[in-house]
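Q: I'm new to this one. Could you walk me through how to read its strands and helices?

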Amino acid sequence: MKQPPLLRLDAISIGHLHAVSLEVAAGDIVCLSGPSGSGKTRLLRAIADLEPHGGEAWLGNIARGDWRGSDWRHRVMLIPADSQWWYERVGEHFPDPRCESLKASLAQLGFAADALDWDVAQLSSGEKQRLGLLRAIAHRPKVLLLDEPTANLDADNITRCEAWLRQQICDTPLAALWVAHDMDQIARVATRHLHIAGQHLEPQAWK
Amino acid sequence: MEVIDLAWWQLGLAALLVIALAGCSAMSQLGVGRSLLIAATRTVIQLTLIGLVLEALFTVAHLHWVALMSLAMLLVAGREVMARQKHRLKGGWAFGIGTLSMFVSSFTVTVLTLTVIVGPEPWYTPQYAIPLLGMMLGNTMTGVALSLDRLTDSVWRQRAVIENRLMLGQRWHEAVGDLRREAMRSGMIPTINAMAAAGVVSLPGMMTGQILAGSPPSLAVKYQILVMFTITVGTGFGTMAAVAAGSRRLFDERERLRLDRLSRQRQ
């Protein structure tokens, strides 16, 4: 029997996007591009079930409707471009701040070992974005919905972040939907590229 | 001790003082002169009317008249709770949640106090029931209105944080937990402060009234303690119920934050 894809979208409709159907296998990075205002972020919000919309999504064999909203979002995790921090210290936002793989990831993303003790009020927007990615992965999701994950980063950190994300997605493996603007980035990370044109997603020829 | 009767002309003297205040505030351009006079007039009319209603109620003293009066008081309080919120739940929920939580807490505590503690015969004797319920409702109303306003306002401001917490897979009550506790606290703190300051900073109005009416202070104090306790309990439970119900309504069955269920800020 054929293994079902990790994430399957069945006729998702939100805003002016209509009946978006898509399959993403474990280890796949599907990049999503489109002009601003075309509904990329809202599509990710719909998949994470944060807004009322039409259609159904599946994680493996299980329909989204069979999960509690919070359980679904714990597995299919949306990571917004600007992450929010509500406790005083960075580490308080992590499920297990002493985990070994977390320390390795911190170093890979260019952070000092004591970054988890930092005051969140002192974080720059780039630090917030990288730590937001790290925090999401630390919750061990199955699917990543990445909304411009490198939007606030400089060139060095973009390279670090891409490498780290690809490694996480490949090793676990995770399925990823990655909203991006930069065509070079898409060429570097994507296994598939879809472009929003009007109401639909169109596959893009590339490489 | 006989209560000294107050004649209308004597009240007129006090009214003159209010008019003098209005005149002074008009001269110093405070912009409150008009509303001061309107409010003073409303006090006279409203209290005169309620005096007539209470006199009629006391002579009839039927359970269903007392119940009708209580219901009217509850509905007015419910409307007031709704009017005091900047962002309120749409579709009658603001009124419904406020009124229901006030009903559950104030009425339960009042009936319990009347039947178990004070014990007039019959238990709904309006001389006891109506003032007690009035004080309960007045304070519970303030608590519920404060806490619901705090809840909806802080959820509105912090929607990004709440949604980010939802994105990480938190349950709705975790994601809004801090704000919920804050809202409950802000509804309960005024009554807690009132208890702490009672007799030291302020002489409570009911006790003062009872003493003026000739009760021995020791009895007035006992009534005041009873009323303060019941007010605190009523406000506390009313606030908790209203915030619990209100915050649940801000999320739907998929645990999504639904700010579209709040009306826009009044201008």
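Q: How many bridges link strand S7 of chain A to S8(A), and do the two run parallel or antiparallel?

A: This is a predicted model, so read what follows as features of a prediction. Strand S7 of chain A, residues 143-147, pairs with S8(A) in the parallel sense over 5 bridges. To find the spot by eye, look for A:Leu144, which stands opposite A:Ala176 in S8(A).

Q: And which helix does the chain pass through on its way from S7(A) to S8(A)?

A: Follow the chain out of S7(A): the path goes through helix H5 of chain A, residues 155-171, and then into S8(A). That β-α-β crossover is right-handed.

Q: What else pairs with S8(A)?

A: Strand S3 of chain A, residues 29-33, pairs with S8(A), again in the parallel sense, over 4 bridges. Here A:Val30 is the residue opposite A:Leu177 in S8(A).

Q: How should I think about the two faces of a strand?

A: In a regular strand, side chains take turns pointing to one face of the sheet and then the other. Now try S8(A): A:Ala175, A:Leu177 and A:Val179 lie on one side, with A:Ala176 and A:Trp178 on the other. Both faces are covered, and all of these residues are buried. Put as a count, 5 of the 5 residues in strand S8 (175-179) of chain A are buried.

Q: Let's move to the open sheet. In what order do its strands come?

A: The order is S2-S1-S4-S5 in chain A, 4 strands with antiparallel pairing. S2 and strand S5 (62-63) of chain A are at the edges with a single partner strand each, so one side of each has no neighbour in the sheet.

Q: How are S1(A) and S2(A) connected?

A: They form a hairpin with 2 residues between them, and A:Gly15 in the turn has a positive phi of about 60°. Strands S1 (residues 7-14) and S2 (residues 17-24) of chain A run antiparallel and are joined by 5 bridges. One facing pair is A:Ile12 and A:Val20 in S2(A).

Q: What about S1(A) and S4(A)?

A: S1(A) pairs with strand S4 of chain A, residues 54-59, in the antiparallel sense over 5 bridges. Check A:Leu7, which sits opposite A:Leu59 in S4(A).

Q: Which helix lies across S1 and S2 of chain A?

A: That's helix H1 of chain A, residues 40-47, running at about 120° to S1(A).

Methods:
Residues numbered from 1 in each chain as written. Chains lettered and ligands numbered in written order. Predicted model: local features only at pLDDT ≥ 70, side-chain atom pairs only at ≥ 80, totals over all residues. Heavy atoms only, no water. Pairing = 2+ DSSP bridges. Contact = heavy atoms within 4.5 Å. Axes fitted to C-alpha atoms, helices over the stretch in contact; angles between N-to-C directions. Buried < 20%, exposed > 50% of the residue type's maximum accessible area, 1.4 Å probe, protein only. Right-handed = clockwise from strand over helix to strand, strands pointing away.
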